[in-house]
Amino acid sequence: MLVKERLFTPGPVPLPPEVIKALGQQIIHHRTPEFTQIFLNVRKKLQQMLKTENDVLLFASSGTGAMEASVINFFKKGDRVLIINAGKFGQRWRDLAKTFELKVVDYEIEWGETYEKEKIEEIIKKFPDIKGILVQHSETSTTTLHDIDYLADVSKKLEDCILVVDGITSVGVYEVYPDEIGIDVLVTGSQKALMLPPGLAVLWYSQKAKQRLSKSNIPKYYFSVEAESKKQEKGQTAYTPAINLIIALEKSLDLILGEGLPNLAKRHEILANATRNALREIGLPLLSSSPSNSATGAYTPEVINADDFRKELLKIGFRVAGGQDHLKGKIFRVAHMGYFDFMDMIQVIAGIEMALKKVGFEIELGKGVQKAQEIILESTKETK
Ligand SMILES: Cc1ncc(COP(=O)(O)O)c(C=O)c1O
């Protein structure tokens with residue numbers, strides 16, 4: 001029988017038709033006035049999305065490239081940095097910082113939890129010379145949201161500290177306005193809420209971060225912010241750009257700006273809230289105590305291996321993500337970011353119920369779906 005595969009992983013995520021169409025076009029050359037104009041439009045639209053006039057750069061790399069660029073451009077060897085390490089991607093900040101010889105204060109947090117303010121205060125008191133706080137806004141591996149407003153306050157109070165935020169699964173899900181929040185470096189990637197294939201990384205930086213560019217003594221070549229900045233402000237890139245991805249990015253930014261950031265954030269909130277409550281209703285505990293609206297993670301019942309459950313779910317048409325490291329086989333994660341509407345969530349919740357039943361979990365079919373329907377109806381009452 002026909003089964004369609006529906007992608008519900010927290011990256012890559014499904015592509016809107018406008019993006020697919022743009023990607024299917026014949027390539028154009030990048031050293032042309034036509035591409036320059038598109039590139040300048042994209043920069044302007046990224047700035048509009050982030051409500052900023054500061055520089056925003058594109059790199060032909062996955063999101064990790066922009067994370068690396070943040071470490072090697074805005075710090076000096078031996079600078080002390082605080083890493084909010086609450087999952088797979090927090091570990092990545094730590095590993096990058098160590099690789100480039102920064103001194104790391106590794107605040108390790110149990111997966112599924114967020115940081116404690118008291119602990120941050122303690123660390124700051126002990127190490128007042130901290131030059132950077134590196135954090136995920138949304139830690140995708142544990143589907144956890146970290147409060148970055150508080151960290152921005154902490155960072156501002158320190159003598160010479162910048163706040164570096166991995167917004168890879170929060171930009172395009174929340175209203176992330178770095179100037180207003182007090183972020184100094186913000187990165188994101190294309191295969192998440194920007195609704196593109198992988199291969200593009202975005203790096204935004206503040207005036208304060210800019211002051212550091214000339215002081216950094218960490219070797220760099222491809223990921224040089226100074227070199228790229230000079231080119232990109234003129235609508236060009238230092239090296240061959242990901243031409244078609246950039247053309248498609250203009251289309252996805254049109255969708256994002258057309259929906260409007262407040263509406264977009266509200267939609268993600270409803271999608272996530274409906275899913276969380278549906279899963280609770282089914283009897284599946286949530287993974288995170290501070291859940292992010294970009295994806296929801298939940299434990300399967302102890303007797304059911306989450307990866308076996310995911311295989312059943314795939315057989316009926318839904319690809320969701322599993323857990324990483326010690327969470328492998330224990331949890332699954334369902335995405336909300338990007339091109340998802342309310343009925344997509346109803347569908348995947350129905351699928352989850354059916355797959356659970358197939359792997360032997362006693363469940364009353366429709367319980368989770370009903371909960372999600374109620375929440376969606378209630379949350380969209382005012383919307384016409
Ligand atoms: C929060 C977060 N940070 C970093 C990354 C790494 O990005 P990439 O795989 O594009 O290099 C991901 C990817 O899932 C992510 O979700």
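Which strands does helix 3 lie across? In this predicted model, helix 3 (residues 63-74) lies across strand 2, strand 5 (132-136), strand 8, strand 9 and strand 10 (201-205). Helix 3 runs at about 30° to strand 10.

Helix 4 also packs on strands. Helix 4 lies across strand 3 (80-85), strand 4, strand 5 and strand 8. Its angle to strand 3 is about 160°.

**The sheet**

These strands belong to an open sheet of 7 strands. The order is 2-10-9-8-5-3-4, and the pairing is mixed. Strand 2 and strand 4 stand at the edges. Each has a single partner strand, so one side of each is left without a neighbour in the sheet. From one strand to the next, the twist averages 20°.

Look at one pair. Strand 8 (residues 162-166) and strand 9 (residues 185-189) pair in the parallel sense over 3 bridges. Asp166 has Val187 in strand 9 as its bridge partner.

**The loops**

Some loop residues have notable backbone angles. Gly11 and Pro12 are joined by a cis peptide bond, with omega about -5°. Pro12 sits in the loop between strand 1 (6-7) and helix 1 (17-23).

Lys51 and Glu101 are residues other than glycine with a positive phi. The table sets them out.

| Residue | Phi | Loop | Relative accessible area |
|---|---|---|---|
| Lys51 | near 50° | between helix 2 (33-49) and strand 2 (56-59) | 45% |
| Glu101 | near 65° | between helix 4 (88-99) and strand 4 (103-108) | 48% |

Are these two buried, exposed or partly exposed? Lys51 is partly exposed, and Glu101 counts as partly exposed too.

Note on methods: Residues are numbered from 1 along each chain as its sequence is written. This is a predicted model: local features need pLDDT of at least 70, side-chain atom pairs count only at pLDDT 80 or more; totals for chains, interfaces and linings use all residues. Side-chain values use heavy atoms; hydrogens and water are left out. Helices (H or I, at least four residues) and strands (E, at least two) are DSSP runs, numbered from the N terminus. Buried means under 20% relative accessible area, exposed over 50%, partly exposed in between (1.4 Å probe, protein chains only). Two strands pair if DSSP finds at least two bridges between them. Axes are lines fitted to C-alpha atoms, for helices over the stretch in contact, and angles run from 0 to 180 degrees between N-to-C directions. Contact means heavy atoms within 4.5 Å.
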